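Me: I'd love a close look at one part of this protein, with some of its surroundings for context. Could you walk me through it?

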Amino acid sequence: MGAGVRMLKSGLFCPGMRRSWTLSRQVSEARFPGKRWLVAGLGNPGMPGTRHSVGMAVLGQIAQRLGVAENWARDSRCAADLALAPFGDAQLVLLRPRRLMNVNGRSVAKAAELFGLSAEEIYLVHDELDKPLGKLALKLGGSARGHNGVRSCISCLNSNAMPRLLVGIGRPTHPNMVETHVLGCFSPEEQELLSPLMDQATDLLLDHIRARSQGPLSGL
């Protein structure tokens, strides 16, 4: 992990941003003795309810489950909303980028630097065109598969080792409709599937993190 942490601390700063001194004190003083994991819900800020931001919706459900839904704090250093959540003997750093999807990785990389985390300790939650709505998958690293938010994270972290929770949104039949589809809101029929899907996604992610927290880091 040491080399990965040094890599993340090598200068991935977010230019032109004012420091959030309140959260800075929290981060520097909260020396957590157990394992720490970063969970990033990828999406576009200001576009809740769209298919492309379903990762942020899952993160909101996780925050509710862990009792920190009212604890979000804006951190201008990484241009994101952060919430710290106790999880057994571990701690989760929940992150919602305030940058557009295509540059989400800059927020994720800066948060990883602030908390001293390697790529293997970062979970990405994002939409997946090639899975129908209602289907979930946990992917243990690998390529971005055309997802611009994941591509940004891989580029900024200089690693593709991040485990990912893929939330299916389905692919439109016509290729020219992809952008409209991902940036559009869920239909009323689709919304009926979302509530149980959010719970299932939360269960899947937390179960995986719980298992890793109890074993060696390499045990993905």
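Which residues does Leu-166 touch, not counting residues up to four places away in sequence?

Reply: Happy to, with one note before we start: this is a predicted model. Leu-166 touches His-126, Glu-128, Lys-135, Leu-136, Ala-137 and Lys-139, once residues up to four places away in sequence are left out.

Let's place that residue. Leu-166 is found in strand S7, which covers residues 163-168. With a relative accessibility of 5%, Leu-166 counts as buried, because the cut-off for that label is under 20%. One of its contacts, Leu-136, is 30 residues away in sequence, yet the two C-alpha atoms are 5.6 Å apart in space.

That kind of long-range meeting fits the chain as a whole. Among contacts with a separation of 6 or more, 73% join residues 24 or more positions apart. Buried residues make up 50% of the 220 residues in the chain. The chain has seven helices and seven strands, and along the sequence they follow the pattern α-α-β-α-β-β-β-α-β-β-α-β-α-α.

Now step back along the chain from S7. Asn-158 is found in the loop between H5 and S7. Its phi is near 55 degrees, a positive value in a residue other than glycine. Asn-158 has a relative accessible area of 59%, so it counts as exposed. On the other side of H5, the loop between strand S6 (136-140) and H5 holds Arg-145. Arg-145 also has a positive phi, near 55 degrees, and is not a glycine. At a relative accessible area of 51%, Arg-145 is exposed too, because the label applies over 50%.

Between those two loops comes H5 itself, and here there is a helix packing to look at. Helix H4 (residues 104-115) packs with helix H5 (residues 148-157) at an angle of about 40 degrees, and their axes are 7 Å apart. H4 and H5 are therefore oblique to each other. Their crossing is right-handed. On the H4 side, the contact is made by Asn-104, Gly-105, Arg-106, Val-108, Ala-109 and Ala-112, and on the H5 side by Ser-152, Cys-153, Cys-156 and Leu-157.

Back to the strands, where you will find some rings. The structure holds one aromatic pair. Its partners are Trp-37 and Tyr-123, arranged edge-to-face, with 6.2 Å from centre to centre and 70 degrees between the planes. Trp-37 lies in strand S1 (residues 36-41) and Tyr-123 in strand S5 (residues 122-128), so the pair ties together parts that are 86 residues apart in sequence. Both partners are inside: Trp-37 counts as buried at 1% relative accessibility, and Tyr-123 counts as buried at 0%.

Strand S1 also contains Arg-36. Despite its charged side chain type, look at the number: with 13% relative accessibility, Arg-36 counts as buried. The C-alpha atoms of Arg-36 and Gln-91 are separated by 4.8 Å, although their positions lie 55 residues apart along the chain.

One more ring is worth finding in your viewer. The charged end of Arg-96 sits over the ring of Trp-72, at 3.9 Å from the ring centre.

To return to your starting point: Leu-166 is a buried residue in strand S7, and the residues it touches include Leu-136 and His-126.

Terms used: Residues are numbered from 1 along each chain as its sequence is written. This is a predicted model: local features need pLDDT of at least 70, side-chain atom pairs count only at pLDDT 80 or more; totals for chains, interfaces and linings use all residues. Side-chain values use heavy atoms; hydrogens and water are left out. Rings of Phe, Tyr and Trp (its six-membered ring) pair if their centres lie within 6.5 Å; planes under 30 degrees apart count as stacked, over 60 as edge-to-face and the rest as tilted. Helices (H or I, at least four residues) and strands (E, at least two) are DSSP runs, numbered from the N terminus. Buried means under 20% relative accessible area, exposed over 50%, partly exposed in between (1.4 Å probe, protein chains only). A charge sits over a ring if NZ of Lys or CZ of Arg is within 6 Å of the ring centre and within 35 degrees of the ring normal. Axes are lines fitted to C-alpha atoms, for helices over the stretch in contact, and angles run from 0 to 180 degrees between N-to-C directions. Angles under 35 degrees count as roughly parallel, over 145 as roughly antiparallel, 65 to 115 as roughly perpendicular and the rest as oblique. A crossing is left-handed if the near helix is turned anticlockwise from the far one by less than a right angle, and right-handed if clockwise. Contact means heavy atoms within 4.5 Å.
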